[in-house]
Amino acid sequence: MRLILRAGPHVTIEDDGPGIPRDQRDRVFERFSRANAPGDKPGHGLGLALSRAIAERHGLVLRLGDAPRGAQFILEPAP
């Protein structure tokens, strides 16, 4: 995993894992929802839901970006 800081008011987090299939991106931030990808590790589907809730509590937005490989998450101020 790598953390990329770019100029501007946002933080981009990328990993080099299997990524999140396009057809599952709409629900990946829902509680108890998990993307199905090869090599998945066990979990309960709460991590991204909690991350988004914490971000919102602090006036931020957590959204998916488009990474060439793996997953990309962008944390930025709410509009």
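Arginine 22 is exposed in this predicted model, with a relative accessible area of 59%. Its partner in a salt bridge is aspartate 66, with the closest N and O atoms 3.3 Å apart. Aspartate 66 lies in the loop between strand S3 (60-64) and strand S4 (72-77), and arginine 22 in the loop between strand S2 (11-14) and helix H1 (47-57), so the pair ties together parts that are 44 residues apart in sequence. The salt bridges come to three in total.

**The Asp66 network**

- Aspartate 66 is exposed too, at 52% relative accessibility.
- The cut-off for exposed is over 50%, so aspartate 66, at 52%, meets it.
- Aspartate 66 also forms a salt bridge with arginine 25, at 2.9 Å from N to O.
- This second pair again links distant parts of the chain, 41 residues apart. Aspartate 66 sits in the loop between S3 and S4, and arginine 25 in the loop between S2 and H1.
- Together, Arg22, Arg25 and Asp66 form a network of salt bridges.
- Side chains of opposite charge can pair when their charged atoms come close.

**The Arg63–Glu76 pair**

- Arginine 63 and glutamate 76 form a salt bridge, with 2.6 Å between the closest N and O atoms.
- Here the link runs from strand S3, which holds arginine 63, to strand S4, which holds glutamate 76. The two residues are 13 apart in the chain.
- Arginine 63 is partly exposed, at 33% relative accessibility.
- Glutamate 76 is partly exposed as well, at 21%.
- Buried means under 20% relative accessible area, so glutamate 76, at 21%, does not count as buried.

**Overall fold**

- The chain has one helix and four strands.
- Along the sequence, these elements follow the pattern β-β-α-β-β.
- The chain has 79 residues, and buried residues make up 29% of them.
- Take the contacts between residues at least 6 apart in sequence: 34% of these join residues at least 24 apart.
- The exposed area of the chain is about 5700 Å². Carbon and sulfur atoms supply 55% of that area.

**Strand S2 and its pairing**

- S2 and S4 run antiparallel, joined by four bridges.
- Valine 11 stands opposite leucine 75 of S4.
- In a regular strand the side chains alternate between the two faces of the sheet.
- On S2, Thr12 and Glu14 make up the covered face. Val11 and Ile13 make up the uncovered face.
- Glutamate 14 belongs to strand S2 and is buried, with a relative accessible area of 5%.
- The side chain of glutamate 14 makes a polar contact of 2.6 Å with the side chain of glutamine 72.

**Nonpolar core**

- Nonpolar side chains in soluble globular proteins tend to be buried together.
- The largest nonpolar core has nine residues: Ile20, Val28, Phe29, Ala35, Ala55, Leu62, Leu64, Ala71 and Phe73.
- Leucine 62 is placed in strand S3 and is buried, with a relative accessible area of 7%.
- Leaving aside neighbours within four places in sequence, leucine 62 is in contact with Phe29, Ser51, Arg52, Ala55, Phe73, Ile74 and Leu75.
- The C-alpha atoms of leucine 62 and alanine 49 are separated by 9.9 Å. These two residues are 13 apart along the chain.
- Leucine 64, another core member, touches Ile20, Arg25, Val28, Phe29, Gln72 and Phe73, not counting residues up to four places away in sequence.
- Arg25, one of the contacts of leucine 64, is also a salt-bridge partner of aspartate 66.

**A backbone outlier to check**

- Most residues other than glycine have a negative phi.
- Phenylalanine 32 has a positive phi, near 65°.
- The residue is located in the loop between S2 and H1.
- Phenylalanine 32 is exposed, at 60% relative accessibility.

Terms used
Residues are numbered from 1 along each chain as its sequence is written. This is a predicted model: local features need pLDDT of at least 70, side-chain atom pairs count only at pLDDT 80 or more; totals for chains, interfaces and linings use all residues. Side-chain values use heavy atoms; hydrogens and water are left out. A salt bridge is a side-chain nitrogen of Lys or Arg within 4 Å of a carboxyl oxygen of Asp or Glu. Buried means under 20% relative accessible area, exposed over 50%, partly exposed in between (1.4 Å probe, protein chains only). Two strands pair if DSSP finds at least two bridges between them. A polar contact is a pair of N or O atoms within 3.5 Å; within protein, one must be able to donate a hydrogen and the other to accept it, and residues adjacent in sequence count only if both atoms are side-chain atoms. Contact means heavy atoms within 4.5 Å. Accessible areas come from the Shrake-Rupley method with a 1.4 Å probe; for residues, only the protein chains shown count as cover. A nonpolar core is a set of buried Ala, Val, Leu, Ile, Met, Phe, Trp, Tyr and Cys residues joined through side-chain atoms within 4.5 Å.
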